[in-house]
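Work through the exercises below with the model at hand. Try each task before reading its solution.

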Amino acid sequence: MEVMREAAAREKAGLEVLHLEVGQPATPAPAAVLEAARRALDDDRLGYTVALGHQPLREAIAAHYADWYDEIVDPSRIVVTQGASGAFVLIFIAAFAPGSRVAVTSPGYPCYRNTLTALGMEAVDVPLSAESGFRLTPDDLEAAGDLDGVMLASPSNPTGTVLRPGALAELAEYCATRDITLISDEIYHGITFGTPAETAVGLPGDPIVVNSFSKYYSMTGWRLGWTVLPTGLLTPVERLAQNLTIAPPTLAQLAAVAAFDATAELDANVARYRANRDLMVSRLPEMGLDRLAPADGAFYVWADVSHLTDDSQDLCRRWLSELGVAATPGIDFDPTRGNRYVRFSYAGDRDEIARALDRLAPSLT
Ligand SMILES: Cc1ncc(COP(=O)(O)O)c(C=O)c1O
């Protein structure tokens, strides 16, 4: 966020910034969603929905599991939330207690750790190795000691790594046999460049699944996500949701039903991410950044810059002030080794990415 603030300040001062830091699609919501939103504005009173979410949307999400993963999910197990972020708060409070030990990966999405800590829970750091492609294994969990929960994402932010086929099932089995609550953040599903990511729905131990309209569906600002819950958590989560937020945003919920019919438009976005990714993973090694996490999905490249610096925050600050290129230092994603890494986003425009790489290249040799 600091990088984004500095980048915005530069732009305000009339200076150009080439963006490799942005963690969201550059595209708007799909046309069908915009059209549904316009209709809702004209025709609907837009009062609260029930706390668990607009029923037709819950049914559309359930149908999505049959469509994408061949999994039958009862719509009553689906809770619509204010983004994946809103789901995390509800789930952490409902599934854990203050002092609960929940594993989070390093590198990993920093808000898991920060939200758990804010709620008085212990975020147990699980370091992942570059050699394993930053993929979590049962052995990593074994080394973390007693756990109440595990939080993971595949594809991952910041690494873009996707778990290998069957690996999520192994992790679920490990957690199920030890009474550990597994939470699978599937927000980057749909944005993969090889084998599609597997869902935790239907795996042993009834894992909790979180997803969102923010990434594949290109609807970050609509603040809409969902969770698929084990039946035992439905009532606690419903009560929490009612008290904390009353309901997710109604306009967004009414419009989002149409997102599941926008596959052609959304897959065209993914095709652009793929082209951007190909550009990055071919150009960065030529520029000397050849230790990259496997960029299997999401829209990020996680690059080891330890031959250039042991302070990637300072490096990113210099790239921004001297070259006008914004990238994200790794420290928030990995509190111990993040200073040796940078996250590049390729969610944006291909020409802008190419120009940013042209500017960076001379400074890296
Ligand atoms: C891995 C991961 N999970 C969750 C979120 C939060 O998403 P939402 O916009 O649905 O709250 C993000 C946002 O960047 C993310 O990268």
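**Exercise 1. The two domains**

Task: How far apart do the C-alpha centres of domain 1 and domain 2 lie? Then describe the side of domain 1 that touches domain 2.

Solution:
- Step 1. This is a predicted model. The C-alpha centres of the two domains lie 26 Å apart.
- Step 2. Domain 1 is built from 2-23 + 263-364, and domain 2 covers 46-260.
- Step 3. Now count the contacts. In domain 1, 27 residues are in contact with 25 residues of domain 2.
- Step 4. Two elements give two or more residues to the side of domain 1 that touches domain 2: helix 10 (263-286) and strand 9 (300-304).
- Step 5. Helix 10 gives the most, with six residues.
- Step 6. Sort that side by class. It has 13 nonpolar, six polar and eight charged residues.

**Exercise 2. Helix 10 and helix 12**

Task: Are helix 10 and helix 12 roughly parallel or roughly antiparallel to each other? Then list the residues through which they meet.

Solution:
- Step 1. Take the axes. Those of helix 10 and helix 12 (residues 350-364) come within 10 Å and cross at roughly 10°.
- Step 2. Apply the cut-off. Angles under 35 degrees count as roughly parallel.
- Step 3. The two helices are therefore roughly parallel to each other.
- Step 4. Find the residues. Helix 10 brings Ala 275, Asn 276, Leu 279, Met 280 and Arg 283, and these meet Arg 350, Ile 353, Ala 354 and Leu 357 of helix 12.
- Step 5. By class, this contact has six nonpolar, one polar and two charged residues.

**Exercise 3. The sheet of three strands**

Task: Which strands stand at the edges of the open sheet with the order 9-12-11?

Solution:
- Step 1. Read the order, 9-12-11; the pairing is antiparallel.
- Step 2. Strand 9 and strand 11 (328-329) each have a single partner strand, so one side of each is left without a neighbour in the sheet. These two stand at the edges.
- Step 3. Look at one pair. Strand 9 and strand 12 (residues 341-345) are joined by five bridges.
- Step 4. Asp 304 has Tyr 341 of strand 12 as its bridge partner.

**Exercise 4. The sheet of seven strands**

Task: Which are the edge strands of the open sheet of seven strands, and which helix lies across strand 2 and strand 8?

Solution:
- Step 1. The order is 2-8-7-6-5-3-4, with mixed pairing.
- Step 2. Strand 2 (78-81) and strand 4 (122-127) are the edge strands; each pairs on one side only.
- Step 3. From one strand to the next, the twist averages 25°.
- Step 4. Four bridges join strand 2 to strand 8 (residues 225-228), and the two run antiparallel. Here Thr 81 stands opposite Gly 225.
- Step 5. Helix 3 (residues 55-69) lies across both strands, at about 115° to strand 2.

**Exercise 5. The ligand**

Task: How many residues surround the ligand, and which helix gives the most to the shell?

Solution:
- Step 1. The ligand is surrounded by 13 residues; the closest are Gly 83, Ala 84, Ser 85, Ser 212 and Ser 214.
- Step 2. Helix 4 (residues 83-95) gives the most, with three residues.
- Step 3. By class, the shell has four nonpolar, eight polar and one charged residues.

**Exercise 6. Backbone exceptions**

Task: Where do Pro 155 and Asp 70 lie, and what is special in the backbone there?

Solution:
- Step 1. Recall the rule. Most residues other than glycine have a negative phi, and most peptide bonds are trans.
- Step 2. The bond from Ser 154 to Pro 155 is cis, with omega near -5°. Pro 155 lies in the loop between strand 5 (149-153) and helix 7 (167-177).
- Step 3. Asp 70 has a positive phi, near 65°. Its place is the loop between helix 3 and strand 2.

Note on methods
Residues are numbered from 1 along each chain as its sequence is written. This is a predicted model: local features need pLDDT of at least 70, side-chain atom pairs count only at pLDDT 80 or more; totals for chains, interfaces and linings use all residues. Domain bounds come from an automatic or database domain assignment. Two residues are in contact if their C-beta atoms, placed from the backbone, lie within 7 Å. Ala, Val, Leu, Ile, Met, Phe, Trp, Tyr, Cys and Pro count as nonpolar, Asp, Glu, Lys and Arg as charged, and the others, Gly among them, as polar. A residue is near a molecule or strand if its C-beta atom, placed from the backbone, lies within 6 Å of it. Axes are lines fitted to C-alpha atoms, for helices over the stretch in contact, and angles run from 0 to 180 degrees between N-to-C directions. Angles under 35 degrees count as roughly parallel, over 145 as roughly antiparallel, 65 to 115 as roughly perpendicular and the rest as oblique. Two strands pair if DSSP finds at least two bridges between them.
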